[in-house]
Amino acid sequence: QQRRHLEKLRQRLASAHERMREQLPKIGLQYPEHAQEGIFLWIDTGVDTNELAMAAKNDRWLVAPGSLFSPRLGASTMMRLNVTRTTEAFLDWLGQYLQAHRPSN
């Protein structure tokens with residue numbers, strides 16, 4: 001029974017990663033090439049994720065900016081997403097935020 005439960009969890013996690021592979025490019029983000037299919041996924045947003053996290057908080061989203069995982073707490077463009085909890089609504093919000101805040105090339 002435990003083995004079946006673990007297999008079901010692995011399948012759900014793989015499905016969540018597949019969803020992220022499809023949805024991230026739609027908002028201009030790349031699914032990391034060498035990502036392992038764990039619960040968390042690190043993505044490069046191209047913007048300061050400390051500012052992104054504050055804007056997300058104001059809109060009632062909780063985001064883990066890269067600086068939280070840095071020994072120096074420095075600014076970072078990296079953000080950690082929980083693939084099992086990242087909703088389409090949040091990705092829509094994130095896409096709109098990135099469109100408005102990414103530096104033009």
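What volume does the largest pocket have? In this predicted model, the answer comes out at about 230 Å³. Its lining draws on a stretch that includes W61, L62, V63 and A64, and also takes in R80, L81, N82, R85, T86, T87 and F90. Strand β3, which covers residues 78-82, chips in with three residues, the most of any contributor to this lining. Sorted by chemical type, the residues around the largest pocket come to six nonpolar, three polar and two charged.

Next comes the second largest pocket, with a volume of about 180 Å³. Around this one sit L9, R12, L13, A16 and R19, joined by I39, V83 and T84. Here the split is five nonpolar residues, one polar and two charged.

Now for a single residue, A56, which belongs to helix α2 (residues 49-58). Is A56 buried or exposed? With a relative accessible area of 0%, A56 falls under the 20% cut-off, so it counts as buried. Who keeps A56 company? Setting aside neighbours within four places in sequence, A56 is in contact with W61, V63 and W93. Of these partners, W61 and V63 also turn up in the lining of the largest pocket. F90, another residue of that lining, is 34 residues away from A56 along the sequence, yet their C-alpha atoms are 9.1 Å apart in space.

Methods. Residues numbered from 1 in each chain as written. Predicted model: local features only at pLDDT ≥ 70, side-chain atom pairs only at ≥ 80, totals over all residues. Heavy atoms only, no water. 1 Å grid on protein atoms, 1.4 Å probe; cavity = no way out; pocket = protein on both sides within 12 Å on 5 of 7 lines; lining within 4 Å. Points joined across faces, edges and corners; volume = space filled by probe spheres on them. Helix = DSSP H or I, 4+ residues; strand = E, 2+ residues; numbered from the N terminus. Nonpolar A, V, L, I, M, F, W, Y, C, P; charged D, E, K, R; others polar. Buried < 20%, exposed > 50% of the residue type's maximum accessible area, 1.4 Å probe, protein only. Contact = heavy atoms within 4.5 Å.
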